[in-house]
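Here is a short report on one protein chain. Look over the sequence and the model, then read on.

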Amino acid sequence: MLKKMGEAVARVARKVNETVESGSDTLDLAECKLVSFPTGIYKVLRNVSGQIHLITLANNELKSLTSKFMTTFSQLQDVPVEKLAAMPALRSINLRFNPLNAEVRVIAPPLIKFDMLMSPEGARGPLP
């Protein structure tokens with residue numbers, strides 16, 4: 001059991017380091033056995049979080065994402081609406097002050113069975 005947990009932690013660290021070193025706009029944490037978003041990632045990504053536009057969290061065991069996740073990655077543009085719609089336990093997701101593309105705004109409402117909070121199109125984030 002501990003060996004598997006260690007392997008999962010190493011996989012997350014490797015993927016985060018790849019993102020930082022390459023300056024990529026994508027953070028791929030798919031299939032990392034995450035049950036929550038690791039708080040240590042925020043510190044590692046603090047210098048590059050503003051350039052990340054896509055985060056893949058597919059095939060994990062996430063129960064929730066904190067408000068820190070949404071404020072750290074407030075520039076997300078693409079939301080995998082179909083995958084969110086397939087999450088039966090999801091009750092709410094707050095995507096306010098993200099520059100969501102028009103497709104997400106149109107496609108999401110009829111597909112989802114949870115509250116998806118979005119700011120009006122073109123709205124800017126809260127003042128610092």
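## Overall layout

Starting at the N terminus, the elements of the protein chain follow the order α-β-α-β-α-α-β-α-β. That gives 5 helices and 4 strands. Keep in mind that this is a predicted model.

The protein chain has 128 residues, and buried ones make up 33% of them. Its accessible surface is about 8,500 Å². Carbon and sulfur atoms hold 56% of that surface. Now take the contacts in the chain with a separation of 6 or more. Of these, 57% join residues 24 or more positions apart.

## The nonpolar core

In soluble globular proteins, nonpolar side chains tend to be buried together. What is the size of the largest nonpolar core here? The core has 20 residues. Leu29, Phe37, Phe69 and Phe73 have the most contacts inside it. Helices α1, α2 and α3 are the elements that each give two or more residues to this core.

Leu29 shows how such a residue is surrounded. Leaving aside neighbours within four places in sequence, Leu29 is in contact with residues including Val12, Val16, Leu34, Phe37 and Ile41. Lys15, Thr56, Leu57, Ala58 and Asn60 are also among its contacts.

## An aromatic pair

How many aromatic pairs does the chain hold? The count is 1. The partners are Phe37 and Tyr42. A pair of aromatic rings is described by the distance of the centres and the angle of the planes. For Phe37 and Tyr42, the centres are 5.4 Å apart and the planes meet at 50 degrees. The pair counts as tilted, because planes under 30 degrees apart would be stacked and those over 60 edge-to-face. Both Phe37 and Tyr42 are buried.

Phe37 has another partner to look at. Leu65 lies in the loop between β2 and α3. Leu65 touches Phe37 and Leu57, not counting residues up to four places away in sequence. Leu65 and Phe37 are 28 residues apart along the chain, yet their C-alpha atoms are separated by 6.7 Å. Is Leu65 buried or partly exposed? Leu65 is partly exposed, at a relative accessible area of 32%.

## A salt bridge between helix and strand

A search of the whole structure turns up 1 salt bridge. Asp28 and Lys15 form it, with their closest N and O atoms 4.0 Å apart. Asp28 sits in strand β1 (residues 26-28) and Lys15 in helix α1 (residues 2-22), so the pair ties together parts 13 residues apart in sequence.

The two partners differ in exposure. Asp28 is partly exposed, with a relative accessible area of 35%. Lys15 is buried, with a relative accessible area of 18%. Lys15 falls in the buried class because the cut-off is under 20%.

Helix α1 also holds Thr19. Thr19 is buried, with a relative accessible area of 4%. Its contacts, apart from neighbours within four places in sequence, are Ser24, Thr26, Leu27 and Ile52.

## Asn60 and the loop it meets

Where does Asn60 lie? Asn60 is in the loop between β2 (54-56) and α3 (67-72). At 16% relative accessibility, Asn60 counts as buried. Not counting residues up to four places away in sequence, Asn60 touches Leu29, Ala30, Glu31, Cys32, Lys33 and Leu34. Asn60 and Leu34 are 26 residues apart in sequence, but 5.2 Å apart in space, C-alpha to C-alpha.

The side chain of Asn60 makes polar contacts with backbone atoms. One of its polar atoms lies 3.0 Å from the backbone nitrogen of Cys32. The side chain of Asn60 also reaches the backbone oxygen of Leu57, at 2.9 Å.

Two residues touched by Asn60 are Glu31 and Lys33. Glu31 is in the loop between β1 and α2 (40-44). Lys33 is in the loop between β1 and α2 as well. Phi of Glu31 is near 55 degrees, a positive value in a residue other than glycine. Phi of Lys33 is also positive, near 60 degrees, and Lys33 is likewise a residue other than glycine. Lys33 is partly exposed, with a relative accessible area of 48%.

Definitions and conventions:
Residues numbered from 1 in each chain as written. Predicted model: local features only at pLDDT ≥ 70, side-chain atom pairs only at ≥ 80, totals over all residues. Heavy atoms only, no water. Salt bridge = Lys/Arg side-chain N within 4 Å of Asp/Glu carboxyl O. Buried < 20%, exposed > 50% of the residue type's maximum accessible area, 1.4 Å probe, protein only. Contact = heavy atoms within 4.5 Å. Polar contact = N/O pair within 3.5 Å; in protein donor to acceptor, adjacent residues only side chain to side chain. Areas by Shrake-Rupley, 256 points an atom, 1.4 Å probe, with all protein chains shown as cover. Phe/Tyr/Trp six-rings, centres within 6.5 Å; stacked < 30°, edge-to-face > 60°. Core = buried A, V, L, I, M, F, W, Y, C linked by side-chain atoms within 4.5 Å.
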